Structures are given as structure tokens and as C-alpha cells.
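Please find below a short note on the model under review. The points are numbered for ease of reply.

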Amino acid sequence: MNVVVNGDERHLSTGTTVARLVDELGRSPKGMAVAVSEEVVPRSTWRDVELRPGVRVEVLTASQGG
């Protein structure tokens, strides 16, 4: 299935969860937030939320600066 992740189309296996997507992106989930179709997904539900074809996913990472 195809989804849009941070503006780029990406092919994922059917049944991919938010947790699996974050893992596939190779990023640490620390300081990360994920929104699916403009709704923030609580980290406690990442393993339960399956992505659907065509959804828009935004993966945001907090950064520290000065």
C-alpha cells in the first residue's frame, strides 16, 4: 500500500503499524510525535494503529537548540 510520509510517497506492507513505520525509518522514538491524517497518535497506541492506504503521516522529532 502507498502512504505519504512527511510529504514523500512510500510503499508499506499491508498492516503496517505506526510503531513499525517509525522502526523502518530508523529513528529513535525518543522525542518523536506522529500524526496520521492530521490527528496526533499517542505513543501508547503506536503498536495498535494500522496505517491505511493513502493516509498522510507526519513524523516530527523535537530538536534542541539555542
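The points below move from the overall fold to the core and then to individual residues.

1. Status and fold. The model is predicted. The protein contains 1 helix and 5 strands, arranged along the sequence in the pattern β-β-α-β-β-β. Its radius of gyration is 12 Å, close to the 11 Å that the globule rule gives for 66 residues, so the protein is as compact as a globular protein of that length.

2. Overall dimensions and contacts. The C-alpha trace spans about 40 × 25 × 20 Å along its principal axes. Of the contacts between residues at least 6 apart in sequence, 50% join residues at least 24 apart.

3. Surface and burial. Buried residues account for 32% of the 66 residues. The protein exposes about 4,500 Å², and carbon and sulfur atoms supply 46% of that area.

4. Charges. The protein carries 8 positive and 9 negative charges, and the mean positions of these two sets are 6 Å apart.

5. The nonpolar core. The largest nonpolar core comprises 17 residues, and those with the most contacts inside it are Val18, Val34, Val36, Trp46, Leu51 and Val57. Two or more residues are given to this core by each of β1 (2-5), α1 (18-24), β3 (32-36) and β5 (56-61). The largest share, 4 residues, comes from α1.

6. Valine 18. Which residues does valine 18 contact, leaving aside its neighbours within four places in sequence? They are Val34, Val36, Val41, Trp46, Val49 and Leu51. Among them, Val34, Val36, Trp46 and Leu51 are also listed with Val18 as having the most contacts inside the core.

7. Threonine 17. This residue is found in the loop between β2 (8-11) and α1. Is threonine 17 buried or exposed? Its relative accessibility is 15%, which is under the 20% limit, so threonine 17 counts as buried. Not counting residues up to four places away in sequence, threonine 17 touches Trp46, Arg47, Val49, Glu50 and Leu51. Trp46, Val49 and Leu51 also appear among the contacts of valine 18.

8. Glutamate 38. The loop between β3 and β4 (39-41) holds glutamate 38. At 79% relative accessibility, over the 50% limit, glutamate 38 counts as exposed. Its C-alpha atom is separated by 7.7 Å from that of valine 57, with the two residues 19 apart along the chain. Valine 57 is itself one of the residues with the most contacts inside the largest nonpolar core.

Terms used. Residues numbered from 1 in each chain as written. Predicted model: local features only at pLDDT ≥ 70, side-chain atom pairs only at ≥ 80, totals over all residues. Heavy atoms only, no water. Rg over C-alpha atoms; globule rule 2.2 N^0.38 Å. Buried < 20%, exposed > 50% of the residue type's maximum accessible area, 1.4 Å probe, protein only. Contact = heavy atoms within 4.5 Å. Areas by Shrake-Rupley, 256 points an atom, 1.4 Å probe, with all protein chains shown as cover. Lys, Arg positive; Asp, Glu negative; His and termini not counted. Charge placed at Lys NZ, Arg CZ, Asp CG, Glu CD. Core = buried A, V, L, I, M, F, W, Y, C linked by side-chain atoms within 4.5 Å.
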